[in-house]
Amino acid sequence: LDIKCVPTSHVTETLARALQLPLTDFALLEKVDFLFDGADEVDPKLRMVKGAGGALVRERVVARAAEKRVYIVDESKLVDRLGQRTTLSIAVLAFGLASVRAKLRDLGMHGVVRRTLDGHLFLTDNGCLIIDSTLEDRDVAELACELNDTAGVMDHGLFLDEADEQGRTPAYGKVANVVVVGNEDGAHHVSAELFQALADVGFT
């Protein structure tokens with residue numbers, strides 16, 4: 001099997017090199033064939049929250065360039081609504097930290113600047129700070145638009161259509177994007193209908 005891999009963080013790059021996987025520079029690529037990634041939460045519409053690892057900016061860029069996206073989670077990540085079990089990660093420029101936090105307060109959001117275990121500010125691979133904010137029960141599509149329009153916000157952890165079961169049709173062809181859920185009995189593909197079935201038997 002002849003493959004080349006694109007890591008989305010320094011951590012995964014280090015792991016890939018340790019496993020002797022062949023790597024290539026994404027800066028030289030217009031698209032990738034497959035994206036394999038995880039998520040922190042997935043709701044019944046297959047919308048996701050990502051960003052716990054801090055690589056959300058690069059993960060978004062590669063996801064949008066992927067012909068097919070596969071997100072792999074376990075059953076604990078399936079939720080009734082986004083924000084039910086985790087905070088929302090927001091990548092911001094340090095230069096605009098105070099103004100971004102003021103905007104978040106105006107949006108009714110409350111967050112803290114992420115720090116490492118030894119108390120230092122957490123910096124993403126692109127040099128951004130991360131604000132981990134509460135995500136109350138609200139219209140997440142509207143919130144994503146508000147965050148996209150906020151100066152100083154580089155990206156956020158609302159991945160709302162990257163795992164769309166119906167896929168999309170960009171210029172280079174149809175994309176089918178799926179969520180795969182694993183448990184001790186194996187793994188299965190999740191559609192919106194299957195998600196509801198899982199919820200009905202108590203998996204959420």
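Trainee: Hi! In which sense do β5 and strand β7 pair, and over how many bridges?

Mentor: β5 and β7 (residues 129-133) pair in the antiparallel sense, over five bridges. Two strands count as paired if DSSP finds at least two bridges between them. Strands (E, at least two residues) and helices (H or I, at least four) are DSSP runs, numbered from the N terminus. Before we go on, this is a predicted model: local features need pLDDT of at least 70 and side-chain atom pairs count only at pLDDT 80 or more, while totals for chains, interfaces and linings use all residues. Residues are numbered from 1 along each chain as its sequence is written, and side-chain values use heavy atoms, leaving out hydrogens and water.

Trainee: Got it. Which residue in β7 stands opposite V92?

Mentor: That's L129.

Trainee: And what is the strand order in the four-stranded sheet?

Mentor: The order is β6-β7-β5-β8, in an open sheet with antiparallel pairing. At the edges you find β6 (111-113) and β8 (153-156), each pairing on one side only. From one strand to the next, the twist averages 25°.

Trainee: Which helix packs on the sheet and touches β5, β7 and β8?

Mentor: Helix α2 (residues 56-65) does, and its direction makes about 70° with that of β8. Here contact means heavy atoms within 4.5 Å. For the angles, axes are lines fitted to C-alpha atoms, for helices over the stretch in contact, and values run from 0 to 180 degrees between N-to-C directions. Look at helix α3 (residues 97-106) too: α3 lies across β5, β6, β7 and β8, at about 15° to β7.

Trainee: Switching topic, how many salt bridges does the count come to?

Mentor: The count is 11, taking a salt bridge as a side-chain nitrogen of Lys or Arg within 4 Å of a carboxyl oxygen of Asp or Glu. One of them joins D132 to R114, with the closest N and O atoms 2.8 Å apart. D132 lies in β7 and R114 in the loop between β6 and β7, so this pair ties together parts 18 residues apart in sequence.

Trainee: Why does R114 count as buried?

Mentor: Because its relative accessibility is 12%, and buried means under 20% relative accessible area, with exposed over 50% and partly exposed in between (1.4 Å probe, protein chains only). D132 is buried as well, at 14%.

Trainee: What about R60, which residue does that one bridge to?

Mentor: R60 forms a salt bridge with E162, the closest N and O atoms being 3.3 Å apart. The pair links distant parts of the chain, 102 residues apart: R60 sits in helix α2, and E162 in the loop between β9 (158-159) and β10 (178-183). R60 and E162 are both buried. Salt bridges that share partners also join R60, R64, D155, D161 and E162 into one network.

Trainee: And K50, what is its salt-bridge partner?

Mentor: E59, with the closest N and O atoms 3.1 Å apart. K50 and E59 are buried too.

Trainee: You mentioned β9. Where does β9 stand in the three-stranded sheet, at an edge or in the middle?

Mentor: At an edge, like β2 (41-42); each has a single partner strand, so one side of each is left without a neighbour in the sheet. The order is β2-β3-β9, again an open antiparallel sheet. Two bridges join β3 (residues 48-49) to β9, and V49 has L158 as its bridge partner in β9.
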